[in-house]
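Please look over the model below before reading my points. They are brief and go residue by residue.

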Amino acid sequence: MAAKIYVCDNCGFLFTRTGECDQCPDCGKKMVRDASPEEKEEFAKRQKEYNC
Ligand SMILES: [Zn+2]
């Protein structure tokens, strides 16, 4: 299963999960949705910065 990028509508937390996810690992609210293309880009950019 491919990893997907999600965003929390409550706290704005961006995270990646393999498979389905409906709960935010940061605030615990079930306000998670698929990240938009812009948010996915932001997430990729952020990971790049942190990993190097
Ligand atoms: Zn959250």
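1. Cysteine 8 is buried, because its relative accessibility is 2% and the cut-off for buried is under 20%. Keep in mind that this is a predicted model.

2. What does Cys8 bind? Its SG coordinates the zinc ion, together with the SG atoms of Cys11, Cys24 and Cys27, at 2.3 Å. In sequence, the spacing of these donor residues reads C-x2-C-x12-C-x2-C.

3. Cysteine 8 and cysteine 27 link distant parts of the chain, 19 residues apart. Cysteine 8 sits in strand β1 (residues 3-8). Cysteine 27 sits in the loop between β2 (14-18) and β3 (32-34). Cysteine 27 is partly exposed, because its relative accessible area of 32% falls between the 20% and 50% limits.

4. Why is the zinc site called tetrahedral? The 4 donor atoms subtend angles of 106 to 116 degrees, so the arrangement qualifies; the criterion asks for all angles between 85 and 135 degrees. For reference, the ideal angle for four tetrahedral donors is 109.5 degrees.

5. Phenylalanine 13 deserves a look too. This residue lies in the loop between β1 and β2. Phenylalanine 13 is partly exposed, at 30% relative accessible area.

6. Which residues does phenylalanine 13 touch, leaving aside neighbours within four places in sequence? The contacts are Tyr6, Val7, Cys8, Cys24, Pro25 and Asp26. Among them, Cys8 and Cys24 are also zinc donors.

7. One distance to check: from phenylalanine 13 to valine 32, C-alpha to C-alpha, is 9.0 Å. In sequence, phenylalanine 13 and valine 32 are 19 residues apart.

Conventions: Residues numbered from 1 in each chain as written. Predicted model: local features only at pLDDT ≥ 70, side-chain atom pairs only at ≥ 80, totals over all residues. Heavy atoms only, no water. Donors = N, O, S within 2.8 Å, 3.2 Å for Na, K, Ca; no water. Tetrahedral: all angles 85-135°; square planar, octahedral: opposite > 155°, others 65-115°. Helix = DSSP H or I, 4+ residues; strand = E, 2+ residues; numbered from the N terminus. Buried < 20%, exposed > 50% of the residue type's maximum accessible area, 1.4 Å probe, protein only. Contact = heavy atoms within 4.5 Å.
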